[in-house]
Amino acid sequence: MIRRKQTLAAAVVVSAALALTACGGEAPTSDLSSVKIMAPFLEAQPPTADGAVQKKLEELTGKDVNITWTPNASYEDKMNITLASSDIPHVLVVQGKTPGFVKNAEAGAFWDLTDKLKDYPNLNTTFPEVQQNASVNGKVYGVYRGRNPIRAAVMFRQDWLDKLGLKAPETTEDLYKVAKAFTEQDPDGNGQNDTYGITIPKWGGLGTNSPYDLIETWYGAGNRWAERDGKLVPSFETDEFLEANRFIKKMVDEKLINPDFATFDSTKWNEPFFNGKGGIIIDVDSRASVLINLFKQANPNDFQNKVGFVGSLKGPDGELHAHPTDGYSGFLAIPKSSVKTEADLKNVLTFLDKLNSKEVAILMNNGIEGVNFNVEGGLAATIKPETPEGKAVNTDIKSFAQLGTNVTGNNFYPVKQASEYEQKVFDDRVAVMAEDLKSAVYNPAAAFVSPTYVAKGAQLDNIVADARIKYLAGQSDEQGLKDAIKLWNTSGGDKVKEEINKLWQDNKK
């Protein structure tokens, strides 16, 4: 499989070179009345070309839209095959900075949009840090698909907190105190020593927004990379990284964290919280609503005081270092072999600008007003009972949302929640995440593609990730963790740092 992907990637680079040679002379301008798109779908079946959502999309954009929907599981392979063919779409959903895409982009297969998006109001991002993250070594080769960058939260059993007379944690030290109380002070009142403060599932990878990553950022270790003495270094080379893991290990040693954290099935993560065995989950803020719904299903009359939440926590330095994701999930790229002229490029960008307008954003995220939702107080209220037409729209928009970019923020309606309490929780989550965004610590190396890291990154990171878990589990000491970091460097990490720092410095010029 690896050899096949490398062959495909090489074929695409050759194809890109041929395409560039072919368009050395300016091709006649076409009006591009029909726009061809390739995109993934995650549902059992893709939308149909004559569906209500597509018809409305064509009406709003003024274009015939021809979408090749491809199953998500095989999307990357199909994308590489398509790029090496003679039938290339005008707009391509690219799911990430894969080696193949980076090679093709830098070989000139896609339009460089770095200085072009500012001319289109719906594509001129209000999140420049995210656009930088989505770039390839500082160059923008697509309109990124925005995702909420701030999602980190601490969920806790509010009823336990109230029973023990505690306040919601604001700092990492508060987290320790609450976890200790949840473990030792019988918060469920059954007279037995059968609860623990924090539940963590098997989730050891570096830079995966795991509970470990979040706590390290809160401690001031940075987010994957950090600037120290005028250079970028991996977060695990900072003093704060070691301090954060000493803190986590202290909680493990005191049995404030489930002892099977290295093997606990992530699909069962909610169970200890719901069943009264674990009191805290550190994860994305949307899990708060999932947990509330579990209690609601169990007892619709008693679910409103079970789940509390806060956002990122202040570290030992008293500062808030909020942990963001990179803020995007792939992008919409424009191949040069199908969009040959600047005039055609403007035509496609005008289409993408309309695709990110408020009207189309509502269509692709909420659906069709009066069919599957109505607007109530600025919220999208789902129409119930669901009609066959409403069901078809609801199904289709789950796929059409893959074309949404939201680079100027979410232009669609928030979904109205099922009860006043759930609406308040949702509104509070939005407010907390917006406040934490002011203190976001982005990964300063997110834009840069190190060739050595592309080739060896997974192996390198496993060295430190495995050592971190072994240290926390008591299978090695701190020196073992430090030795693993040295091994990361001597196994190729030094070269990664050299390449990342050169790209970082070059990008400043």
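**Exercise 1.** Which way do Val91, Leu92, Val93 and Val94 point from strand E3, and are they buried or exposed?

*Solution.* Some ground rules come first. The model is predicted: local features need pLDDT of at least 70, side-chain atom pairs count only at pLDDT 80 or more, and totals for chains, interfaces and linings use all residues. Residues are numbered from 1 along each chain as its sequence is written, and side-chain values use heavy atoms, leaving out hydrogens and water.

Step 1. Locate strand E3 at residues 91–94. Strands (E, at least two residues) and helices (H or I, at least four) are DSSP runs, numbered from the N terminus.

Step 2. Sort the side chains. Val91 and Val93 point one way; Leu92 and Val94 point the other way.

Step 3. Check burial. Buried means under 20% relative accessible area, exposed over 50%, and partly exposed in between, with a 1.4 Å probe and protein chains only. All four residues are buried.

**Exercise 2.** Place E3 in its sheet and find its partners.

*Solution.* Step 1. Read the order. The open sheet has 5 strands, E2-E1-E3-E11-E4, and its pairing is mixed. Two strands pair if DSSP finds at least two bridges between them.

Step 2. Find the edges. Strand E2 (64–71) and strand E4 (143–146) each pair on one side only.

Step 3. Take the neighbours of E3. Strand E1 (residues 34–41) pairs with E3 in the parallel sense over 2 bridges. Strand E11 (residues 328–333) pairs with E3 in the antiparallel sense over 3 bridges.

Step 4. Follow Leu92. Leu92 is the bridge partner of Met38, and Leu92 also stands opposite Ala333 in E11.

Step 5. Finish at E4. E4 and E11 pair in the antiparallel sense over 3 bridges. Tyr144 has Phe331 in E11 as its bridge partner.

**Exercise 3.** Describe the sheet that contains E5, then add the helices that lie across its strands.

*Solution.* Step 1. Read the order. The 4 strands of this open sheet run E6-E9-E5-E10, with mixed pairing. The edge strands are E6 (196–198) and E10 (307–310).

Step 2. Pair E5 (residues 152–157). E5 and E10 are antiparallel over 4 bridges. Phe156 stands opposite Gly308 in E10.

Step 3. Add the helices. Contact means heavy atoms within 4.5 Å. Axes are lines fitted to C-alpha atoms, for helices over the stretch in contact; angles run from 0 to 180 degrees between N-to-C directions. Helix H8 (residues 211–218) lies across E5 and strand E9 (278–284), at about 80° to E9. Helix H11 (residues 287–298) lies across E5, E9 and E10, at about 175° to E10.
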